[in-house]
Amino acid sequence: MVTGLRSFRKRKLTLTAMQREWRACGPRLWLSHVDKQVKVKTRRQEHRGRLLSVDPVSASLVLVNLVEGGAAVCVVMGHAVEEVELLQEAGGEMTAQLWALFEPSPSSSLDSTQTRRRRAAVCSWLRKNRVPVEEAGEEVRVAGALTIVAPYRPEDCSSSNQVILDRVQRLLRTQQERTEASD
Amino acid sequence: MATPVPVLRLPKGPDLNSRGFDPNSPRYIALCRTTLATSEAAGADGEELQQEQHARSVLRERFLRCLLAMTNKKVRFNMHENVTVEATFGSSDIDVLNFQVSDLHTPIGVQKEALIRSQDVISFTFDA
């Protein structure tokens, strides 16, 4: 069924018409197809593009094609996939470009004074909102369950507690809006 | 511009908690499936299992970031019977069984908020 994955030649992963075959492939096979050009056949249509990811929960494929002024993204649901054909190995540059569309915006480089000032502002705002915070070096620890790293934006928060994460992110967003409004 | 009209609510699919609903029936399995389980082969070997779990988490994180990039964008859903509808993407549930959308343009009107079943969708596209 599945021949050598290392070859870069046209490799047809001919699966039977049963949608279950693609879904049964497994995450490691899917991961090996990521960042490669693929052709996906559903019952009525064919989609081509760079495979960005395969959702392990629903086996849905995310295909991207670079177009003028951005990218056209197509998600094909796992249950509708009939055949997946590997077309070619991808170029590294294009991958980085594509991925830049989805990654969170890179943290702007702040010097140490700005970082300290920003950290102080964030801590005082959180304390004002009765949220227990403590500074641990360059990080800010909230309620022992959440960590904020420089430059202390909502997307720099990490926690395993969804509720706390949501509340702190909201507070940081409000702070951002207030700073922007006063500028 | 199409005037918003009330859309007929189609009958709901089978509920997990309905009485007399057989969890082994093909309909239940088709409509109420949950996460794809880890492969049995990986279960035997610790290292293989670790690799599989790593692959799963990388893929899932990328997929979730794609979904995040899609929020509040105009998305075109290609569904069965050659039906194509446009809506503003809201979110999906954890098992990717339903999509929450706003301003769903259907052939009979615009629905302000709607839930689309993933089994009804073949593919969907948007411009990043």
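This is a chat about a predicted model with chains A and B, taken one topic at a time.

Reader: Before I look closely, how are things numbered here, and what counts as a feature?

Author: Residues are numbered from 1 along each chain as its sequence is written, while chains are lettered from A and ligands numbered from 1 in the order in which they are written. This is a predicted model in which local features need pLDDT of at least 70, side-chain atom pairs count only at pLDDT 80 or more, and totals for chains, interfaces and linings use all residues, with side-chain values resting on heavy atoms and leaving out hydrogens and water.

Reader: OK, and what are the scores of the model, and the mean pLDDT of chain B?

Author: The model has an ipTM of 0.73 and a pTM of 0.68. For chain B the mean pLDDT is 80, with 66% of its residues at 70 or more; pLDDT is the predictor's confidence in each residue, from 0 to 100. Where pLDDT is low, the predicted coordinates should not be read in detail.

Reader: What is chain B built from?

Author: Chain B holds 3 helices and 5 strands, where helices (H or I, at least four residues) and strands (E, at least two) are DSSP runs numbered from the N terminus. Read from the N terminus on, the order is α-α-α-β-β-β-β-β.

Reader: How much of chain B is buried, and how much surface does it expose?

Author: Of the 128 residues in chain B, 37% are buried, and the term means under 20% relative accessible area, with exposed over 50% and partly exposed in between (1.4 Å probe, protein chains only). Chain B exposes about 8,200 Å², and carbon and sulfur atoms supply 55% of that area; accessible areas come from the Shrake-Rupley method with a 1.4 Å probe, and for residues only the protein chains shown count as cover.

Reader: And what are the corresponding values for chain A?

Author: Chain A has 5 helices and 10 strands, and buried residues make up 43% of its 183 residues. Its accessible surface is about 10,300 Å², of which 47% belongs to carbon and sulfur atoms. Among contacts (heavy atoms within 4.5 Å) between residues of chain A at least 6 apart in sequence, 44% join residues at least 24 apart.

Reader: Changing topic, how many aromatic pairs are there over all chains?

Author: The count comes to 5 aromatic pairs over all chains, using rings of Phe, Tyr and Trp (its six-membered ring) whose centres lie within 6.5 Å, with planes under 30 degrees apart counted as stacked, over 60 as edge-to-face and the rest as tilted. One of them is the tilted pair of B:Phe89 and B:Phe99, at 5.9 Å centre to centre with 55° between the planes. This pair links distant parts of the chain, since B:Phe89 is in strand β2 (residues 84–92) of chain B and B:Phe99 in strand β3 (residues 98–106) of chain B, 10 residues apart.

Reader: Are those two buried or exposed?

Author: B:Phe89 is buried, with a relative accessible area of 1%, and B:Phe99 is buried as well, at 0%. B:Phe99 also pairs with B:Phe124: their ring centres are 5.1 Å apart and their planes stand at 65°, so this pair is edge-to-face. Because B:Phe99 lies in strand β3 of chain B and B:Phe124 in strand β5 of chain B, the pair ties together parts that are 25 residues apart in sequence.

Reader: Which residues form the aromatic cluster?

Author: B:Phe77, B:Phe89, B:Phe99 and B:Phe124 form one aromatic cluster.

Reader: How does β3(B) join β4(B)?

Author: The two strands run antiparallel and are joined by 8 bridges, pairing of strands requiring at least two bridges found by DSSP. A hairpin joins β3(B) to β4(B) through 2 residues, and B:Ser102 stands opposite B:Glu113 in β4(B).

Reader: Where does B:Ser118 lie?

Author: B:Ser118 lies in the loop between β4 (109–117) and β5 (121–127) of chain B, and this residue is buried, with a relative accessible area of 0%. The side chain of B:Ser118 reaches the backbone oxygen of B:Val96 at 3.0 Å.

Reader: Last one: which residue of chain A has a positive phi?

Author: A:Arg130, a residue other than glycine, has a positive phi near 60°. Most residues other than glycine have a negative phi. A:Arg130 lies in the loop between α4 (112–128) and β7 (133–136) of chain A and counts as exposed at 78% relative accessibility. In chain B, B:Glu81 has a positive phi of about 55° although it is not a glycine; B:Glu81 is in the loop between β1 (74–79) and β2 of chain B, and is exposed at 66% relative accessibility.

Conventions. Polar contact = N/O pair within 3.5 Å; in protein donor to acceptor, adjacent residues only side chain to side chain.
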